[in-house]
Structures are given as C-alpha cells and as structure tokens.
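Please find below a short note for a colleague who is new to this structure. The points run from the pocket to the rings, the strands and two single residues.

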Amino acid sequence: MSRIGKNPITIPAGVTVEVNGNVVSVKGKKGQLTQDFSDVSVKVEDGQVLVERSSDHKDERSKHGLYRSLINNMIVGVAEGFTKELELVGVGYRASNQGQKLDIALGFSHNIVLEVVPEVTVETVSEKGKNPIIKLASHDKQLLGQVAAKIRSFRKPEPYKGKGVKFVGEVLRRKAGKSA
C-alpha cells in the first residue's frame, strides 16, 4: 500500500472539490483547476478526499501516490497559491515587467522579452546593491514551475562564478577553476 496514497486530504474552508467520473474539479478563492485521473477512484467524504486504487496492478500502484499528491497540490494552490523567486546573478543583469511582459537583460546582444501566461503573476524587484529578483505566483504549481524553468533556461548558473538565473536559496555546486 502506498504510504502517501492512503493518506486522506482534508479540504480547507472555502474550497469545493467535485468528482465527475475520472475528472476532479477544485474551486477556491485563488482560482479553479481540473484534472483527469484514470487508474484510481477519487471519493469526497466528510470534508476529506480519499484516493483509492481498484487493484494491485503495478501501473495503478505506481500512480496511487502521484495522483494523491497532484490533488493535494490542486487544493493547496486554489486555497493559498504557490510562489517562486528567481535571482539574476551577474554584472549588468536586469529584469523589469510591464503587466505580463517580462523584459530580461542577461548579457546577450539583445534583451529577452517573455510574454508570461495570465495564470502566473509576475513582479520584479530591483534594489541598489542587490541582485534583481523575479517573483512568480500562481495557483497552478505545475504551470508555475514550467514558467520558472523557462526563465532559468535563458542563462543557467555556471559553476565557476555562479553567474546566471538561479532560484532564491538554491545552492550551486562550485568548481575551483585554474590554479596558478
């Protein structure tokens, strides 16, 4: 039995969970999310969501804990939301935004302009003497991670000086470089 999959998910106040066949819909103050779940049965009882599998087939066992985690992330997302912060480390690296357009200068011959999806809110913080920070917030954890990974892929941190786009709090593996 999956340790994660058998744990019930408590539904917080202000969140509604509806199950129509294999489709689970979660609605809260931050937004609404829907996801299709095959291989498992989802039940809503007494303010809790239970994820159960019909057999011990390998495919169903492997997805039991995954689907429970996905439903939990949907519930947490519409209730509280998720945030990610990216830090631009390097001389002359800048970030600014006008609405959903993110303008990033990462040392290339041109600035990178990224149109961020409307489900993700963007905010940039630039203080003198500190590295610029891009703050992303959304109710969809998967979409938020995808946008953050896309921004990070423009200039990944390099191992010698640590220059590039990194997550706030991320520990980079550094190399020594040439010795004289």
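1. The largest pocket has a volume of about 190 Å³. A pocket here is an open set of points on a 1 Å grid over the protein atoms alone, where a 1.4 Å probe fits, with protein on both sides within 12 Å along at least five of seven lines. The volume is the space filled by probe spheres set on the points. This is a predicted model: local features need pLDDT of at least 70, side-chain atom pairs count only at pLDDT 80 or more, and totals for chains, interfaces and linings use all residues. Residues are numbered from 1 along each chain as its sequence is written, and side-chain values use heavy atoms, with hydrogens and water left out.

2. What lines the largest pocket? The residues are Leu-33, Thr-34, Gln-35, Leu-70, Asn-73, Met-74, His-139, Asp-140, Lys-141 and Gln-142 (lining residues have an atom within 4 Å of a point). Strand 4 (32-36), helix 1 (58-79) and helix 2 (141-153) each give at least two of them. Helices (H or I, at least four residues) and strands (E, at least two) are DSSP runs, numbered from the N terminus. By type, the lining holds three nonpolar, five polar and two charged residues. Asp, Glu, Lys and Arg count as charged; Ala, Val, Leu, Ile, Met, Phe, Trp, Tyr, Cys and Pro as nonpolar; the others, Gly among them, as polar.

3. The whole structure has one aromatic pair. Phe-37 and Tyr-67 meet edge-to-face, at 5.0 Å centre to centre and 70° between the planes. Phe-37 lies in the loop between strand 4 and strand 5 (40-45) and Tyr-67 in helix 1, so the pair ties together parts 30 residues apart in sequence. Rings of Phe, Tyr and Trp (its six-membered ring) pair if their centres lie within 6.5 Å; planes under 30 degrees apart are stacked, over 60 edge-to-face, the rest tilted. Phe-37 and Tyr-67 are buried (under 20% relative accessible area; exposed is over 50%, partly exposed in between, with a 1.4 Å probe and protein chains only).

4. Two charges sit over rings. Lys-84 lies over the face of Phe-167, at 5.3 Å from the ring centre. Arg-155 lies over the face of Phe-108, at 4.4 Å from the ring centre. The test asks for NZ of Lys or CZ of Arg within 6 Å of the ring centre and within 35 degrees of the ring normal.

5. Three strands make an open antiparallel sheet in the order 1-6-5. Strand 1 (9-10) and strand 5 are at the edges with a single partner strand each, so one side of each lacks a neighbour in the sheet. Strand 1 pairs with strand 6 (residues 48-53) over two bridges; two strands pair if DSSP finds at least two bridges between them. Thr-10 stands opposite Gln-48.

6. Now the hairpins. Strand 2 (residues 16-20) and strand 3 (residues 23-27) pair antiparallel over five bridges. Two residues separate these strands, and Gly-21 in the turn has a positive phi of about 70°. Strand 8 (residues 94-98) and strand 9 (residues 101-105) also pair antiparallel over five bridges. Their hairpin has two residues between the strands, with Gly-99 in the turn at a positive phi of about 70°.

7. Which residue faces Arg-94 in strand 9? The bridge partner is Ala-105. In the other hairpin, Glu-18 stands opposite Ser-25 in strand 3.

8. Ile-71 is in helix 1. Ile-71 is buried, with a relative accessible area of 0%. The C-alpha atoms of Ile-71 and Ile-9 are separated by 8.3 Å, at 62 residues apart along the chain.
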